[in-house]
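Open the structure in your viewer and keep the sequence beside it. We will go stop by stop, selecting a few residues each time.

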Amino acid sequence: QVQLVESGGGLVQAGESLTLSCAVSGSIFSIGLMHWYRQGPGVQRELVASVSRGGTTNYADSVKGRFTISRDNAKNKVNLQMNSLKPEDTAVYYCNVDVLSGQRLSNYWGQGTQVTVSS
């Protein structure tokens, strides 16, 4: 079994920063792609950022230049540094990872952490 524990959400004002963290534990041989998604009120869940095991990153256009995704392979963690936050960044943020356990590759979601940005 694999567990994802997210932390770092909260209430901030526009222009401020937050860092989200996701720790992965359990039966892990290796972790592949790690992602952050978000789901705002009344909208579909969207991919915010991804990072490969080798450190290659991709970002949604809406967060490029403001958000930075990073990972620590030794600690099985992924972070999302969010700067210059805007009210439209308000959402529940979810960690999502591909985990290889034995010979099985599975995808897991965290429980989500709320980020609220006030204007």
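**Stop 1: a turn between two strands**

Select asparagine 76. This is a predicted model. Asparagine 76 belongs to the hairpin of β7 and β8, where four residues lie between the strands. Its phi is positive, near 55°.

Now add the strands on both sides. Strand β7 covers residues 67–72, and strand β8 covers residues 77–82. The two pair in the antiparallel sense, over six bridges. Pick isoleucine 69 and look across to β8: its bridge partner there is leucine 80.

Show the side chains of β7. In a regular strand, side chains alternate between the two faces of the sheet. Which residues of β7 are on the covered face? They are Phe67, Ile69 and Arg71. The uncovered face carries Thr68, Ser70 and Asp72.

**Stop 2: arginine 66**

Step back to arginine 66. It sits in the loop between β6 (57–59) and β7. Is arginine 66 buried or exposed? Its relative accessible area is 11%. The cut-off for buried is under 20%, so arginine 66 counts as buried.

Follow its side chain outward. The side chain of arginine 66 reaches the backbone oxygen of serine 84, at 3.0 Å. Now select what arginine 66 touches, leaving out residues up to four places away in sequence. You should pick up Gln81, Met82, Asn83, Ser84, Leu85, Lys86 and Asp89.

**Stop 3: methionine 82**

Go to methionine 82, one of the residues that arginine 66 touches. Methionine 82 is found in strand β8. Its relative accessibility is 0%, so it counts as buried.

Select its contacts, again without residues up to four places away in sequence. Glu16, Ser17, Leu18 and Leu20 are among them. So are Arg66, Phe67, Tyr93 and Val115, which methionine 82 also touches. For a distance check, pick the C-alpha atoms of methionine 82 and lysine 64. These residues are 18 apart along the chain, and their C-alpha atoms are separated by 10 Å.

**Stop 4: the nonpolar core**

Now widen the selection. The largest nonpolar core has 28 residues. Which members touch the most other members? Select Val24, Trp36, Leu80, Met82 and Tyr93.

Next, colour the elements that give two or more residues to this core: β1 (2–7), β3, β4 (30–39), β5 (46–51), β7, β8, β9 and β11. The biggest giver is β9, with five residues.

**Stop 5: the disulfide**

Select cysteine 22 and cysteine 95. These two form a disulfide, with sulfur atoms 2.2 Å apart. A disulfide is a covalent bond between the sulfur atoms of two cysteines. The count for this structure is one disulfide.

Where does each end lie? Cysteine 22 is in strand β3 (residues 18–26), and cysteine 95 is in strand β9 (residues 91–101). The pair links distant parts of the chain, 73 residues apart. Both cysteine 22 and cysteine 95 are buried. Turn the view to look along the S-S bond. The angle about that bond is -80°, and the link is left-handed.

**Stop 6: a second hairpin**

Stay with β9 and add strand β10, residues 104–109. These strands pair in the antiparallel sense over six bridges. Select aspartate 98: it stands opposite asparagine 107 in β10. Then find glycine 102 in the hairpin of β9 and β10. Two residues lie between the strands here, and glycine 102 takes a positive phi near 65°.

**Stop 7: serine 118**

Move to serine 118, in strand β11 (residues 113–118). Its relative accessible area is 27%, so it is described as partly exposed. Leaving aside neighbours within four places in sequence, serine 118 is in contact with Val12, Gln13, Ala14 and Pro87. Pick the C-alpha atoms of serine 118 and glutamine 81: they are separated by 18 Å, with the two positions 37 residues apart along the chain counted as their spacing.

**Last stop: the whole protein**

Clear the selection and switch to cartoon view. How many helices and strands are there? There are zero helices and eleven strands.

Zoom out. The C-alpha atoms fill a box of roughly 45 × 25 × 25 Å along the principal axes. The radius of gyration is 14 Å, which agrees with the value near 14 Å for a compact globule of 119 residues. Buried residues make up 40% of the 119 residues. Finally, show contacts with a separation of 6 or more: residues 24 or more positions apart account for 55% of them.

Key
Residues numbered from 1 in each chain as written. Predicted model: local features only at pLDDT ≥ 70, side-chain atom pairs only at ≥ 80, totals over all residues. Heavy atoms only, no water. Disulfide = S-S within 2.5 Å. Buried < 20%, exposed > 50% of the residue type's maximum accessible area, 1.4 Å probe, protein only. Pairing = 2+ DSSP bridges. Polar contact = N/O pair within 3.5 Å; in protein donor to acceptor, adjacent residues only side chain to side chain. Contact = heavy atoms within 4.5 Å. Core = buried A, V, L, I, M, F, W, Y, C linked by side-chain atoms within 4.5 Å. Rg over C-alpha atoms; globule rule 2.2 N^0.38 Å.
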